[in-house]
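Visitor: I would like to go through this model and ask how its descriptive terms are justified. Can we take the terms one by one?

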Amino acid sequence: MKYRKINQLTKTRSDVKKSNLYLQYQKPFDYFLNPDIGHKNIQEVNSYYIPDEEIKNSLRAILSEPMDSVSVLIGYQGIGKSTDIRYSYEITNNAIRFDDNNATVIFPSFFNGFVLGQISDEEISIVKDVRNDLTKRIASVCLAIEEKFPELKEEFYSAEGRMKFYQFLKYTNPKATVKLNYIGEQTLEDKLETAKNEEYYIYIVTQLKYYLTSKKCSYNRIMIILDDIESLPYNYQEQLILQYLRFYTCMRNLPDIDDLDKKNNYVNLLVSVRPSTYKLLQNAKTVSAYSIAREIYKTKSVDMVQYFKQKYDGLPEEYKTENWRRAYNILITFSNKFEKKYSNMIKNLMCLDIRRTLQIYAKVLSNSFWISKEINSGSDQEEYAFNNITVIRALACGSNLVYMNNTEALIPNILYKTLEKDNSILCLYIISYFIMQRAGFWEYGENGVTKAELIRDFCDAFGMKNNMDKDMSEIICYLYHRGVISISKNSYGKKDVEGEISDHTFLYLSAKGLELWNMLAADSVLMELYREDTYQDLDNCKTYDFCSSYDLMLMNKQMVIFEKIYDILLELYLDEKEMIDSSIKNGSYDKYMSLFGEKLMVEHLMTGVDKSIQYSGKNSERLVVMSDELKSKIERTKRMYEN
């Protein structure tokens with residue numbers, strides 16, 4: 001027998017070009033779909049900011065709490081963490097800001113694209129680069145305070161101030177004033193000069209503490225912000241956070257002397273990171289030793305309709321021409337369609353990344369094969385056709401006639417099947433397992449399970465120990481690499497040399513995985529895609545077996561598409577029944593029910609297919625028979641196991 005897929009027999013299109021519609025509106029589309037909204041000044045930040053009240057309130061609350069603290073803002077790449085920080089603290093760059101309302105010195109450190117020193121793998125070089133950079137930034141805070149309070153600067157360099165500063169050093173970090181191999185008496189200035197020349201980091205941090213604790217300084221809090229570190233190599237990221245944590249600790253180390261100005265001062269550190277970075281940092285012993293007061297999760301992504309509206313409102317009046325208004329209306333129509341179905345779908349498939357979402361918008365709108373159509377037959381005028389088939393096909397197929405399931409495909413085939421074995425049902429069970437486990441902050445794997453625990457639960461439920469280990473490991477690796485499942489921030493395991501995931505790695509269902517699961521029950525389009533990526537017997541094929549959905553639609557054979565999908569569903573039912581039988585035989589059906597619930601995987605797939613059949617307003621005698629047969633089998637299966 002010779003097995004082939006529809007996509008293996010279909011030629012890929014090489015004449016890929018942007019649609020005429022997209023080219024017509026390319027200038028306004030380039031503006032609206034550009035993720036860089038500026039931030040050149042605070043007015044611009046406020047104009048374009050789409051409020052996330054929960055995050056804004058959490059960030060601002062730090063400034064009103066009577067305590068020192070380390071907080072972590074956790075969110076996916078591109079979800080808007082930096083914009084939230086800029087808006088909440090009214091900052092645009094690394095300039096020091098004096099917040100009079102909260103009596104706070106805001107000390108931001110954004111590392112968006114900046115590289116420290118010469119990138120090196122040597123630990124000593126990395127520590128030196130990071131420490132030097134931080135030292136300069138701390139010195140800039142001291143300079144800003146001196147400019148704000150010249151009388152404080154004057155005091156610091158006075159004889160009384162130098163003595164007081166020496167007391168700070170003596171009772172917090174006395175080693176800084178000691179000159180090695182020096183014999184003889186040192187004056188006060190000699191000791192301070194030694195600290196400045198040989199321990200400048202300690203010197204400048206102590207100077208900052210001196211300024212902030214002085215009653216001549218009207219600010220009693222310093223807010224240290226560390227953001228955009230992912231542009232650096234990981235070893236630099238780890239060292240950056242470690243050095244900022246040590247800086248935070250050092251700022252809290254004040255001398256216990258009677259003549260020190262008694263003033264309540266607070267030190268707060270906010271670190272903004274992606275979930276994967278936070279997970280790695282938790283594994284680093286040098287970082288994990290520090291206490292985190294709060295974890296702030298950003299789970300709300302940007303509303304695309306509001307995003308485009310604010311960009312349109314920010315346009316200079318001379319650009320609000322008819323052509324620009326039409327482009328804007330196209331984006332609003334697409335984003336609003338079916339209660340924002342498509343905009344939310346794309347965001348979830350992009351794991352809530354607004355920058356990548358805008359890139360996908362451009363790919364969809366420029367698609368010349370699926371999205372645009374002639375207004376009238378033979379006309380050279382086009383219009384956009386936004387419906388489930390065209391949008392999902394544009395996302396999954398690009399400009400190809402059929403679904404190719406390339407490794408870079410935005411929509412992966414989650415019905416994993418090889419020539420040797422069909423593990424489609426097992427894939428669905430794995431996704432369903434995570435759906436049942438879903439709880440608070442699921443987007444970041446707050447309730448992830450280890451690979452070993454996942455496999456153990458499946459072996460307990462189905463009693464197939466010998467085959468289950470291998471099949472599960474293979475599927476988990478596949479789903480991970482396709483973005484369906486992710487590694488939790490709680491994970492302490494690491495990928496091994498072969499790129500697989502260790503038994504101790506915590507896993508969870510990604511936003512992309514959840515969206516794909518929901519799409520299966522929404523309509524038949526995903527099943528139509530997956531049919532084109534399914535092995536079939538070429539030597540014993542039936543009529544239309546190797547016809548794509550596109551060709552069948554051209555032949556007005558829409559019902560044949562549904563019939564072919566039902567053929568697949570009936571085969572999958574047999575596979576699922578075999579697994580449930582194994583659970584019964586193993587005496588673990590109660591375990592099965594607790595893990596997956598009472599709804600069959602095939603039932604979930606059938607829900608989407610039936611919705612499309614109903615929406616089409618058509619049916620066939622054979623399709624009715626197949627549907628009734630599958631429903632009957634599902635009900636009999638449920639009744640059998642209930643007894």
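Guide: Contact here means heavy atoms within 4.5 Å. The model is a predicted one.

Visitor: Which residues does serine 424 touch, leaving out those up to four places away in sequence?

Guide: Serine 424 touches Leu415, Tyr416, Lys417 and Leu572, with residues up to four places away in sequence not counted. Serine 424 itself is in helix α18, residues 424-437.

Visitor: Why does serine 424 count as buried?

Guide: Buried means under 20% relative accessible area. Serine 424 has 4% relative accessibility, so it counts as buried. In the protein chain, buried residues make up 56% of the 643 residues.

Visitor: Leu572 was in that list of contacts. Which helix contact does Leu572 of α24 also help to make?

Guide: That question leads to the packing of α24, residues 558-585, and α26, residues 601-616. Their axes are 10 Å apart, at an angle of about 165°.

Visitor: Why are α24 and α26 called roughly antiparallel?

Guide: Angles over 145 degrees count as roughly antiparallel. The angle between α24 and α26 is about 165°, and α24 and α26 are therefore roughly antiparallel to each other. Their crossing is left-handed. On the α24 side the contact is made by residues including Phe562, Ile565, Leu569 and Leu572; on the α26 side, Leu605, Met606, Val609 and Ile613 are among them.

Visitor: What makes up the contact of α24 with α26 by class?

Guide: By class, this contact has 13 nonpolar, 3 polar and 2 charged residues.

Visitor: Which residues touch the most other members of the largest nonpolar core?

Guide: They are Phe308, Phe458 and Tyr530, in a core of 118 residues. The largest share of this core, 13 residues, comes from α24. A nonpolar core is a set of buried residues of certain types joined through side-chain atoms within 4.5 Å. Apart from the largest core lies another, of 61 residues, among them Ala144, Phe156, Phe168 and Leu208.

Visitor: What does phenylalanine 308 touch, not counting residues up to four places away in sequence?

Guide: Phenylalanine 308 touches Phe32, Leu33, Tyr328, Leu331, Ile332, Ser335, Leu358 and Tyr361.

Visitor: How many of the contacts between residues at least 6 apart join residues at least 24 apart?

Guide: In the protein chain, 76% of them do. The chain has 27 helices and 13 strands, and its C-alpha trace spans about 100 × 70 × 40 Å along its principal axes.

Key: Residues are numbered from 1 along each chain as its sequence is written. This is a predicted model: local features need pLDDT of at least 70, side-chain atom pairs count only at pLDDT 80 or more; totals for chains, interfaces and linings use all residues. Side-chain values use heavy atoms; hydrogens and water are left out. Axes are lines fitted to C-alpha atoms, for helices over the stretch in contact, and angles run from 0 to 180 degrees between N-to-C directions. Helices (H or I, at least four residues) and strands (E, at least two) are DSSP runs, numbered from the N terminus. Angles under 35 degrees count as roughly parallel, over 145 as roughly antiparallel, 65 to 115 as roughly perpendicular and the rest as oblique. A crossing is left-handed if the near helix is turned anticlockwise from the far one by less than a right angle, and right-handed if clockwise. Ala, Val, Leu, Ile, Met, Phe, Trp, Tyr, Cys and Pro count as nonpolar, Asp, Glu, Lys and Arg as charged, and the others, Gly among them, as polar. Buried means under 20% relative accessible area, exposed over 50%, partly exposed in between (1.4 Å probe, protein chains only).
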